[in-house]
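Welcome! Let's go through a structure together, one question at a time. Have a look at it first, and then we can talk.

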Protein chains: 2
Amino acid sequence: VNEDELTRRLGRKWPLIGDDCAVVPSPGGVDLLFTTDFSIEGVHFTRRLSAEQIGYRSVARALSDIAAMGGTPLYCLISLAVAPWTDAKWIAGFYRGPEKLLRETQTALAGGDLSHARQLVCDLVICGSVLRGKALMRSGAHPGDAIYVSGPLGGWRHKPIIVPRLEEGRKLLGKATACMDISDGLALDLHRLAFASGVEAHLDAIPLLSGATLKQALHDGEDYELLYTAPPRRRVPGIRIGTMAAGEPGRVFYQGKPVPPLGYDHFQKRRS
Amino acid sequence: VNEDELTRRLGRKWPLIGDDCAVVPSPGGVDLLFTTDFSIEGVHFTRRLSAEQIGYRSVARALSDIAAMGGTPLYCLISLAVAPWTDAKWIAGFYRGPEKLLRETQTALAGGDLSHARQLVCDLVICGSVLRGKALMRSGAHPGDAIYVSGPLGGWRHKPIIVPRLEEGRKLLGKATACMDISDGLALDLHRLAFASGVEAHLDAIPLLSGATLKQALHDGEDYELLYTAPPRRRVPGIRIGTMAAGEPGRVFYQGKPVPPLGYDHFQKRRS
């Protein structure tokens, strides 16, 4: 079982499952978005990071899922199971870390849970909104669509800070045919988007962060840039990196050569 | 730091924090309710329980928080970090456990996250709704109000299955002045309700589950019955157990003797 397989299996029973966020209708002409993201010690971060950094990253990663749908964040729930090595000062730092980001994005901390575990576990839930029926899904790309990213890539080794691309996501509403955020590496996430859309992806050129290699840009995680598609002549912001084509759903090519969908699969505990 | 202290501290900055659920306005004449609940191996359950039981309990406990506000559940997010001792069969059982409960309560599984940790960690989020301004809060009890429970108590040793009191909660809308669910024992949870309401609580008699002792009813957790108050002459369902009085906020008495607010504090890892 890996995460994609389980998602597909559950998605057959529960049709809301499968995109960056769940999209559910709400009164008043909007859809609500829900996303939930674990940040677990030794899986998503190490103790080398400060309490503030861990708190910030947990929130920023969840906000990135809202950005991927073109949504606006509203409320946030922070559940924290602290490890034996933490203390009251650490906990205060953890909650201080995302404070500025929450205020700037007008996301209200609405609740959470507090417990303890052998390793630190945080689960971040964000509820957001988007105009009814307008959320950007992974499944809307067509053959011929151009593929874009919102910024240069290179993975966690080259990413000093995660900036959720909320403004960029909202600008794509009504323009992009498909969108998601790159959390597990371009190769694996583009495979997911192409698979959900039933198309294959051809990459021409990939913009790199300073010092990053092509391999890191393809297979490292934690970029948190947006990955999206649009008809080739539509004006959209971002950097064009390739084109969708009819073919085997989910296949990814770079300059004509197949790219395996290897990236960070958190569930498999290894590069998948 | 214990959970109540942290909740109070965060509640000063973020006013939505502090009750069983966060209550937030939504278009269309309803308020949305959000609750999030950890279920952690060794803290909330042991491996003696089956995968189905662990899955069921995780969902039932979160639904109990919705019931405590008089709400109706809408959507559920299940985040699961599996431990090394689990396998694909276990995971399938975990998701099967709450299936019937989710369907009966018309709660749609809308998403989640999947990861791994040294011990099993589940975080359950439920979004529900309640008529605008009608949610049952902990803070509305007045001196003179009668205190009720929805059923006999006795704690986890005597509770074969958790049944979220959703129907009972909805019947209290417009009738109860304050309400919460009993998760950490009557003594601690009544202390919390009385403290939030600025009153003191006098218990006369406590209905016991078969075989349970008074001490277990007061200080064991996991009852998941509703605890609520109403003006003494108002007709409300349930079992009357005492009366609120003016006095020191949060103090609890049983037949005239003070009862310490000791119960299960998950954060303190021990009876607090």
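Q: Which ring does the charged end of A:R103 sit over?

A: Glad you started there, and please keep in mind that this is a predicted model. The ring belongs to B:W14, and the charged end of A:R103 is 4.9 Å from its centre. You can find a matching arrangement with the chain letters swapped: B:R103 lies over the face of A:W14, at 4.9 Å from the ring centre.

Q: How many aromatic pairs are there over all chains?

A: Two numbers describe a pair of aromatic rings: the distance of the centres and the angle of the planes. Over all chains, the count comes to eleven aromatic pairs. Take A:F34 and B:Y75: their ring centres are 6.0 Å apart and the planes stand at 45 degrees, so this pair is tilted.

Q: Where do A:F34 and B:Y75 lie?

A: A:F34 belongs to strand 2 (residues 30–40) of chain A, while B:Y75 is in strand 3 (residues 72–82) of chain B, so the pair joins two chains. Both residues, A:F34 and B:Y75, are buried. They also take part in one aromatic cluster, formed by A:F34, A:Y75, B:F34 and B:Y75.

Q: Why does the pair of B:F94 and B:Y95 count as edge-to-face?

A: Look at the angle here: the planes of B:F94 and B:Y95 are at 85 degrees, which is over 60, so the pair is edge-to-face. The ring centres of B:F94 and B:Y95 are 5.5 Å apart. B:F94 counts as buried at 1% relative accessibility, and B:Y95 also counts as buried, at 10%.

Q: How many residues does the contact take from chain A and from chain B?

A: Chain A gives 56 residues to the contact and chain B gives 56 residues. Between them the two chains bury about 5,200 Å², with 69% of that on carbon and sulfur atoms. On the chain A side, A:W14, A:F38 and A:H116 lose the most area to chain B, together 14% of what that side buries.

Q: How many salt bridges does the rule find across the interface of chain A and chain B?

A: There are two salt bridges across that interface. One of the salt bridges to look at links B:E99 with A:K13, where the closest N and O atoms are 2.8 Å apart.

Q: What does chain A average in pLDDT?

A: As a general guide, predicted coordinates should not be read in detail where pLDDT is low. Chain A averages a pLDDT of 93, and 97% of its residues score at least 70. The model itself scores ipTM 0.89 and pTM 0.91.

Definitions and conventions
Residues are numbered from 1 along each chain as its sequence is written. Chains are lettered from A and ligands numbered from 1 in the order in which they are written. This is a predicted model: local features need pLDDT of at least 70, side-chain atom pairs count only at pLDDT 80 or more; totals for chains, interfaces and linings use all residues. Side-chain values use heavy atoms; hydrogens and water are left out. Rings of Phe, Tyr and Trp (its six-membered ring) pair if their centres lie within 6.5 Å; planes under 30 degrees apart count as stacked, over 60 as edge-to-face and the rest as tilted. Helices (H or I, at least four residues) and strands (E, at least two) are DSSP runs, numbered from the N terminus. Buried means under 20% relative accessible area, exposed over 50%, partly exposed in between (1.4 Å probe, protein chains only). A charge sits over a ring if NZ of Lys or CZ of Arg is within 6 Å of the ring centre and within 35 degrees of the ring normal. pLDDT is the predictor's confidence in each residue, from 0 to 100. Contact means heavy atoms within 4.5 Å. Buried area is the accessible area (1.4 Å probe) that two parts lose on being put together, summed over both. A salt bridge is a side-chain nitrogen of Lys or Arg within 4 Å of a carboxyl oxygen of Asp or Glu.
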